[in-house]
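Please look at the sequence and the 3D structure below before you begin the exercises. Each exercise sets a task, and a worked solution follows it step by step.

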Amino acid sequence: MSKPFSETPVYPVVFMLVITVVFVGVLAVFYRNSMAQIEAHKVNEYNQLLVELLSDTLADSTGIDRTMLIEQRDETINTYIKPLDGYSRKAYQLIYQDKPIAYLFDIKGKGLWGSMAAMVATDPQFNKIIDFAVYAQMETPGLGSRITEAFFKDNSEGNLPSPKATSRTTVWCQRGRKSLLPIRSAK
Amino acid sequence: MTKKDIFINSAFRENSVWKQILGICSSLAVTNLMLNSLIMGLGVTFSLALANFTISALRTHTPRSVRMMVQTLIIAAYVIIVDVFLQANMPAISKQLGPYVGLIITNCILMGRAEAFAAQNNPIDSFIDGIGSGLGYTLVLLTIAAIRELFGFGSLFGIQILGDWWIRWSIMVMAPSAFFILAIFIWIINNKYYKVKA
């Protein structure tokens, strides 16, 4: 008499396949239904950071309160921030009275456990980092992930460092500088 | 064992954290704020209860040779649901909890309860065991978080309790504080309820 199917060597394989298909199917449907919301949150968060990094410079130039610029984020973006096209990475210029008063670059690089993404805002002469923030990283919580905290961010502001410097902050700044050079030569 | 006994056993007598010392990593990592701890605890409770239920419902059909893979797959599916739900509906909390939501998959409590209970009991009892274990874990998280948030930020669930006069204990915001609070907590519980007889 032949063995029941549940005792054949192929049964665990078939069982595992069925279970995998069922659960992956459920997850795919669930994720598909939530995807639009997740993407909307990511865009909001990105735009919020974009405005926050440029808001001090804009507030100084326009005299508009910084908080108001951040609160009216979409209007601030539409009025003052223009994307720069034609570059390999995202870049923006902050325009006031038809003149650029700051640039912002979206830079990406390798972290310890995965890739990182950050924004660097500079003055129009590319000599000074106005503001800096890491917005995506996969570092160890409590250790490398502290790269997003203010104490790290504050280290990055000020004059662009010497190309010979080797600290992690400097490496990030150098990546920002590399992003700036093509734009400066294009001007 | 009655349903009530199963719940009390998994939540208190055999509490995963203070009795079995499981799930310590996340107990230490997310307890700087009570809200984060509550969401983490509820996430674990949801994943644990439903994973237990599913594993138990499939236990008679699951081949022994692949049971660990099946359990991991089921646990991972529920954890991913929690993770995606938080990303879609509570993005700020999702960001604060960071990778720890995803790491529920590797939380020893889930595999421990799947192997020790769900694989040998009926789905309803397994579900209750999951709820009990999850709530027991949440209780520990909230206790540690209450101490850390109160002394570290002067607040509970973000509501300011201590006034401006309070000088914040910065050590409480940092990870090491969770180590000694958890250690003191386990020491008190063990001394009071599980005193080893010589």
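**Exercise 1: the strands of chain A**

In the hairpin of β4(A) and β5(A), 5 residues lie between the strands, and A:Phe126 takes a positive phi near 60°. This is a predicted model, in which local features need pLDDT of at least 70 and side-chain atom pairs count only at pLDDT 80 or more, while totals for chains, interfaces and linings use all residues. Residues are numbered from 1 along each chain as its sequence is written, chains are lettered from A and ligands numbered from 1 in the order in which they are written, and side-chain values use heavy atoms, with hydrogens and water left out.

Task: follow the strands of chain A from β1(A) to β5(A), and state for each pairing how many bridges join the two strands and in which sense they run.

Solution. Strands, like helices, are DSSP runs numbered from the N terminus (E over at least two residues for a strand, H or I over at least four for a helix), and two strands pair if DSSP finds at least two bridges between them.

- Step 1. Strand β1 (residues 81-83) of chain A pairs with strand β2 (residues 91-96) of chain A in the antiparallel sense over 3 bridges, and A:Ile81 has A:Leu94 in β2(A) as its bridge partner.
- Step 2. β2(A) is joined by 6 bridges to strand β3 (residues 99-110) of chain A, and these two run antiparallel. Here A:Leu94 stands opposite A:Ala102 in β3(A), while A:Gln93 stands opposite A:Tyr103. The hairpin of β2(A) and β3(A) has 2 residues between the strands, and A:Gln97 there takes a positive phi near 50°.
- Step 3. β3(A) pairs with β4(A) in the antiparallel sense over 8 bridges, with A:Ala121 in β4(A) as the bridge partner of A:Leu104, and a hairpin of 4 residues joins the two strands.
- Step 4. Strand β4 (residues 115-122) of chain A and strand β5 (residues 128-136) of chain A run antiparallel and are joined by 6 bridges, and the partner of A:Val120 in β5(A) is A:Phe132.

**Exercise 2: a helix pair in chain A**

Task: describe how α1(A) and α3(A) pack, giving the angle and the distance between their axes.

Solution. Axes are lines fitted to C-alpha atoms, for helices over the stretch in contact, and angles run from 0 to 180 degrees between N-to-C directions.

- Step 1. Helix α1 (residues 10-62) of chain A and helix α3 (residues 73-80) of chain A pack at an angle of about 65°, and their axes are 10 Å apart.
- Step 2. The crossing is left-handed, a word used if the near helix is turned anticlockwise from the far one by less than a right angle, whereas right-handed is used if it is turned clockwise.
- Step 3. The contact (heavy atoms within 4.5 Å) includes A:Asn44, A:Leu50 and A:Leu58 of α1(A), and A:Arg73, A:Ile77 and A:Tyr80 of α3(A).
- Step 4. By class, this contact of α1(A) with α3(A) has 5 nonpolar, 5 polar and 1 charged residues, where Ala, Val, Leu, Ile, Met, Phe, Trp, Tyr, Cys and Pro count as nonpolar, Asp, Glu, Lys and Arg as charged, and the others, Gly among them, as polar.

**Exercise 3: chain B and its helix α4**

Task: count the helices and strands of chain B, and then describe how α4(B) packs with α3(B) and with α6(B).

Solution.

- Step 1. Chain B has 9 helices and 2 strands, which follow one another along the sequence as α-α-α-α-α-α-α-β-β-α-α.
- Step 2. Helix α3 (residues 34-57) of chain B packs with α4(B) at an angle of about 145°, with their axes 9 Å apart, and the crossing is right-handed.
- Step 3. The contact of α3(B) with α4(B) has 12 nonpolar, 4 polar and no charged residues.
- Step 4. The axes of helix α4 (residues 67-89) of chain B and helix α6 (residues 108-118) of chain B come within 11 Å and cross at roughly 130°. α4(B) is therefore oblique to α6(B), since angles under 35 degrees count as roughly parallel, over 145 as roughly antiparallel, 65 to 115 as roughly perpendicular and the rest as oblique.
- Step 5. The crossing of α4(B) and α6(B) is right-handed, and B:Arg67 and B:Ile75 are among the residues of α4(B) that meet α6(B).
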